[in-house]
Amino acid sequence: MLAVWYDMQGPAEQVLRFGDLPTPEPGAGEVRVRVTRSGINPGDTKKRRGWLGSSMPLPRVIPHSDGAGVVEKVGAGVDSARIGERVWVFGAQSYRAFGTAAQFTVVPAGQAVALPETVGDDVGACLGIPGITAHRAVFGDGPVRGGTVLVHGVLGGVGTLAAQLATWGGATVIGTVRKSADAEIAHRRGIAQVIALDGPDPAREIRDHAPGGIDRIVEVAFADNVDLDAAVAKNNTVIAAYGTGESRPSFPFWPMLFDNITIRLLGSDDFPAEAKQQAAADLTAAAADGALSIAIDEPVPLDQAARAHDLVDRGTRARILLAVPD
């Protein structure tokens, strides 16, 4: 099969290779998926770069955990009726060597989720890491119907899906952007209440929309935003954080203690299996309902994976996918 891989960490153009590798065979309980789209996330490029001193987990890695395609072969114990089924894939390179940047990938059957007819492969390839993280951030502490959810970084990959899932779940959503100039983009993407963090008093603006305080906060920049979060929280607020600019952030302990605030830290590879399965079911249902809209750039050809990685590393408001040839 054609594939992209690396045998050592470093800059994309130096370590990513493109060529032929053996086609993998599904084992018991696994399926082989013919990949049409491979989704790239910042976590994928961080693994390739050796972020935070991480090392090669295995001698050779085919990157990317997310993707979409068609079940082409099944292993023992998997219903052969799944052959030919359109699916989206998550966790393909989570504690595994060979992800979705290839014509074929093998995953446990439960990590290949049936795609509704109305949902395209491009959207399916975007649901894995950001979607499951967003779902855990929003619903990890129970339903949000009737509550208010503050989503920081609402234009980001996780933030966009968190806002849409919270709305789908019956919550009122307030989104934030870093700069006032970005507010109109967020409005155009369907976020009615948008607060710019470079404004004179974002805490007051948030309180104007939620006088009683915020129920859930989806946090992409914990160290930068925690004082603001504490100012708009109420008793029993949950701050679900999946990113921070400082590795050892401080926070206002006593005000947060008196409000009985919970800080939930989210590492998507190690969510409980049942949480991932519930997220997969809900994401698929929300997509089928037309509740998820994702900004996606024109897919990049598989043999240009290094360029695609560089686009992700530079930062983009649209998702970057690889188009995998037949």
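Biologist: Which residues form that nonpolar patch on the surface?

Modeller: The nonpolar patch consists of Phe251, Phe253, Trp254, Leu257, Phe258, Ile263 and Leu265, which together have about 740 Å² of accessible area. Two or more of its residues come from each of helix H9 (253-258) and strand S13 (262-265). The model is predicted, so local features need pLDDT of at least 70 and side-chain atom pairs count only at pLDDT 80 or more, while totals for chains, interfaces and linings use all residues. Residues are numbered from 1 along each chain as its sequence is written, and side-chain values use heavy atoms, with hydrogens and water left out.

Biologist: Which element gives the largest share, and what's the rule for a patch?

Modeller: H9 gives the largest share of the nonpolar patch, with four residues. A patch takes residues with over 30% relative accessible area and no salt bridge, joining nonpolar side chains (Val, Leu, Ile, Met, Phe, Trp, Tyr) within 5 Å and like charges within 9 Å. The areas are Shrake-Rupley values with a 1.4 Å probe, and for residues only the protein chains shown count as cover. Helices (H or I, at least four residues) and strands (E, at least two) are DSSP runs numbered from the N terminus.

Biologist: Where is Phe251 found, and is it buried or exposed or in between?

Modeller: Phe251 belongs to the loop between strand S12 (233-241) and H9, and its relative accessibility of 36% is why Phe251 counts as partly exposed. Here buried means under 20% relative accessible area, exposed over 50%, and partly exposed in between (1.4 Å probe, protein chains only).

Biologist: Switching to charges, how many salt bridges are there?

Modeller: The count comes to 16 salt bridges, where a salt bridge is a side-chain nitrogen of Lys or Arg within 4 Å of a carboxyl oxygen of Asp or Glu. One of them pairs Asp121 with Arg86, whose closest N and O atoms are 2.8 Å apart. That pair links distant parts of the chain, since Asp121 sits in helix H3 (residues 121-124) and Arg86 in strand S5 (residues 86-89), 35 residues apart. Asp121 counts as buried at 19% relative accessibility, whereas Arg86 is partly exposed at 27%.

Biologist: What about Arg264, which side chain does it meet in a salt bridge?

Modeller: The side chain of Arg264 meets that of Asp141 (2.8 Å, N to O). Arg264 is in strand S13 and Asp141 in the loop between helix H4 (129-139) and strand S8 (148-151), so this pair ties together parts that are 123 residues apart in sequence. Both partners fall in the partly exposed class, Arg264 at 21% relative accessibility and Asp141 at 32%.

Biologist: Which residues are joined into one network?

Modeller: Salt bridges that share partners join Glu25, Arg32, Glu72 and Lys73 into one network. Within it, the side chains of Glu25 and Arg32 meet at 3.2 Å, N to O, and Arg32 is buried, with a relative accessible area of 7%.

Biologist: How far is Glu25 from Gly212?

Modeller: Their C-alpha atoms are separated by 55 Å, with the two residues 187 apart along the chain. Gly212 lies in the loop between helix H7 (202-209) and strand S11 (214-219), and Gly212 is exposed, with a relative accessible area of 54%.

Biologist: On to empty space, how many cavities of 30 Å³ or more does the structure hold?

Modeller: There are two cavities of 30 Å³ or more. On a 1 Å grid over the protein atoms alone, a cavity is a set of points where a 1.4 Å probe fits but cannot get out, a pocket is an open set with protein on both sides within 12 Å along at least five of seven lines, and lining residues have an atom within 4 Å of a point. Points are joined across faces, edges and corners, and a volume is the space filled by probe spheres set on them. The largest cavity has a volume of about 90 Å³, and its lining residues include Ser65, Asp66, Phe90, Lys276 and Asp269.

Biologist: How does that lining divide by class, and what lines the second largest cavity?

Modeller: The largest cavity's lining divides into three nonpolar, five polar and three charged residues, with Ala, Val, Leu, Ile, Met, Phe, Trp, Tyr, Cys and Pro as nonpolar, Asp, Glu, Lys and Arg as charged, and the others, Gly among them, as polar. The second largest cavity holds about 40 Å³ and is lined by Val154, Leu155, Thr160, Arg189 and Ile191.

Biologist: And the second largest pocket, how much space lies there?

Modeller: About 200 Å³ lies in the second largest pocket. It is lined by 13 residues, of which Ala163, Gln164, Thr167, Gly190 and Ile191 are closest to its centre. Helix H5 (157-168) and strand S9 (172-177) each supply at least two residues of this lining, and the largest share, four residues, comes from H5.
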